[in-house]
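Welcome! Please take a moment to look over the sequence and the 3D view below, and then read on for a short guided tour.

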Amino acid sequence: LASSSPPWPAARSSIESTGGAVARCGPDDGRDDREPRTTSVMSTYVYVGEGEDQRFTGLREQGARKPVQRRTIDHSATAVRHVESRVYQKNLWDNEMLQPTSGAMLDFLPPVAYAHLPATSFATKFVHVSTNKIRTPVNVATFTPDGRRLLTCSQNGEFTLWNGMSFNFETILQAHNCAIRACVFSHNENWFLSGDDAGVVKYWQTNLNNMKQIKAHDEPVRALAFAPTDLKFCSCSDDTTVKVWDFARAAAVHALSGHGGDVKCVDWHPSKALLASGGKDSLVKLWDAKGGKCVGTLHDHKNQVTCLRWNVNGNWFVTGCKDQTLKVHDVRTMREIECFKGHTRDVTSVAWHPQHETLLASGGYDGSINYWIVGSGSEDAAATIKGGHEAAVWSLNWHPAGHVLCSGSNDNTTKFWCRNRPGEVPRDTTTRQGAAAMGDVTTSSAGGGLGGGGYRPVGARDRTGGAIPGMGPGAGAP
């Protein structure tokens with residue numbers, strides 16, 4: 001059980017926290033929050049048993065239990081500070097420069113404040129791993145639209161809800177009779193859809209109440225996507241078709257045929273009646289959702305297209321392939337504008353950052369997670385987490401605020417990653433050992449700095465050759 005109030009009075013917590021080193025909470029001893037503390041106490045208290053600490057003797061007699069630490073990431077304080085500071089800032093470059101010290105954490109703002117520096121949102125710091133009692137691969141992981149919870153869909157057909165801040169288990173539900181392959185929330189935040197290996201699509205309310213189910217395909221459903229208006233949605237399947245559905249009537253409007261094999265991914269344009277799909281035939285097709293016709297085909301990949309996502313700007317979409325490459329296309333010119341080569345195995349998942357339109361994350365079949373910046377001028381990853389998982393990363397999803405990335409994997413785990421703190425070398429801080437050790441996290445000089453450029457990885461070379469790290473040509477958005 002979790003309690004919002006600690007067993008001692010006058011406790012206070014600071015900004016976005018990970019592992020207690022960011023948020024410091026304890027008795028109010030009159031010291032300034034910027035002063036370093038030798039001990040850190042978490043801002044979330046979980047009572048798990050009776051200890052021998054005499055301080056809690058009276059509480060135990062009243063039925064209370066000793067609190068223990070739980071890693072928590074609370075971004076609300078950073079958002080409040082951003083709202084206060086932007087009143088007197090004329091542009092984004094007026095942010096207070098962050099120094100590479102732990103004390104600068106109080107000035108660390110949410111990703112939306114660093115729109116000119118996408119590298120500040122590389123989520124390379126390991127926070128927490130969540131696992132069900134019945135260990136099974138996690139096929140889909142997606143945050144709820146408000147970011148308060150994370151919904152995971154597993155191979156045995158279960159929904160699991162996790163807290164979006166403290167990452168503890170909340171509830172579990174047997175939703176399908178077979179593996180769940182797709183799940184998507186509506187834009188109005190009132191509904192979500194799920195599809196399984198039997199070709200069944202189910203309608204759900206956000207309280208996990210099942211309202212309707214339809215037999216959408218004869219083969220497994222691979223992807224689902226809502227229209228911008230939420231009046232329609234699309235689905236794709238291994239039966240080689242893409243279907244457009246009327247949400248209210250639960251009836252098919254169009255059945256789009258044109259792929260020469262299984263259709264593995266589909267996504268709806270963020271503002272237009274335009275679909276993009278990729279399949280086993282290595283083709284990427286664009287469809288008119290109203291007329292039900294193919295309007296374009298791209299032959300840029302040499303192997304199966306495994307994942308596809310539209311950018312929020314509506315001009316770009318990224319595709320991941322079994323040929324270990326990611327390609328970004330501009331729909332206005334129907335040309336490839338970026339080709340990223342950094343994965344050593346198949347690209348299995350991809351996700352655009354919600355605040356930085358040039359930043360995207362991708363997961364590989366080998367368990368690695370890479371971060372890329374469109375327009376950086378480099379084919380290599382800007383940041384990499386090698387061995388983030390022990391098996392394929394099937395799903396990646398950003399928190400709506402953009403400060404946390406969640407990954408679901410075939411190794412039966414769901415992991416949470418966050419931004420590094422000012423002055424911290426961008427590498428994992430977990431104590432895991434062995435094949436899944438995540439110490440090989442690297443960052444290239446294309447990343448840039450925090451705020452005014454007061455931070456860069458140890459050993460990174462400054463492109464400008466000057467004394468201001470992270471302010472080179474590749475530091476920000478193109």
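## A first look

Lys327 is buried, with a relative accessible area of 10%; here, buried means under 20% relative accessible area, exposed means over 50%, and partly exposed lies in between (1.4 Å probe, protein chains only). This is a predicted model, in which local features need pLDDT of at least 70 and side-chain atom pairs count only at pLDDT 80 or more, while totals for chains, interfaces and linings use all residues. Residues are numbered from 1 along each chain as its sequence is written, and side-chain values use heavy atoms, with hydrogens and water left out.

**The chain as a whole**

- The chain has two helices and 32 strands, where helices (H or I, at least four residues) and strands (E, at least two) are DSSP runs numbered from the N terminus.
- Of its 478 residues, 56% count as buried.
- Take the contacts (heavy atoms within 4.5 Å) between residues at least 6 apart in sequence: 49% of them join residues at least 24 apart.

**A four-stranded sheet**

- Strands E9, E10, E11 and E12 form an open sheet in the order E9-E10-E11-E12, with antiparallel pairing; two strands pair if DSSP finds at least two bridges between them.
- At the edges sit strand E9 (180-185) and strand E12 (210-215), each of which pairs on one side only.
- On average, neighbouring strands of this sheet are turned by 20° against each other, direction ignored; the axes behind this angle are lines fitted to C-alpha atoms, for helices over the stretch in contact, and angles run from 0 to 180 degrees between N-to-C directions.
- E9 and strand E10 (residues 191-196) run antiparallel and are joined by five bridges.
- To find a matching pair of residues here, look for Ala182, which stands opposite Gly195 in E10.

**Salt bridges**

- How many salt bridges does a search of the whole structure find? The search finds nine, a salt bridge being a side-chain nitrogen of Lys or Arg within 4 Å of a carboxyl oxygen of Asp or Glu.
- One of them joins the side chains of Arg181 and Asp197 (2.8 Å, N to O).
- This pair links distant parts of the chain, with Arg181 in strand E9 and Asp197 in the loop between E10 and strand E11 (200-205), 16 residues apart.
- Arg181 is partly exposed, with a relative accessible area of 24%, and Asp197 also counts as partly exposed, at 25%.
- Another salt bridge brings together the side chains of Asp238 and Lys264 (3.3 Å, N to O).
- Here too the pair links distant parts of the chain: Asp238 is in the loop between strand E14 (232-237) and strand E15 (241-246), and Lys264 is in strand E17 (residues 263-268), 26 residues apart.
- Are these two residues buried or exposed? Asp238 counts as buried at 13% relative accessibility, and Lys264 counts as buried at 15%.
- Lys327, met at the start, forms a salt bridge with Glu336 through their side chains (3.3 Å, N to O).
- Glu336 counts as partly exposed, at 35% relative accessibility, whereas Lys327 is buried.
- Salt bridges that share partners join Arg222, Asp238, Asp262 and Lys264 into one network.

**Strand E17 and Asp267**

- E17 is mostly covered, as six of its six residues are buried.
- Asp267 lies in this strand, E17.
- Asp267 is buried yet has no salt bridge, and the nearest side chain of opposite charge, Arg309, is 4.8 Å away; Lys and Arg count as positive and Asp and Glu as negative, while His and the chain ends are not counted.
- What does the side chain of Asp267 reach at 2.9 Å? The backbone nitrogen of Trp310 is its partner.
- Leaving out residues up to four places away in sequence, Asp267 touches several others, including Ala225, Leu274, Leu308 and Trp310.

**Two hairpins**

- E17 pairs with strand E18 (residues 274-279) in the antiparallel sense over five bridges.
- Five residues make up the hairpin connection from E17 to E18.
- Trp268 has Leu275 in E18 as its bridge partner.
- E15 pairs with strand E16 (residues 251-257) in the antiparallel sense over six bridges.
- Lys243 has Ala255 in E16 as its bridge partner.
- Four residues lie between E15 and E16 in their hairpin, and Ala250 in the turn has a positive phi of about 55°.

How values were computed:
Polar contact = N/O pair within 3.5 Å; in protein donor to acceptor, adjacent residues only side chain to side chain.
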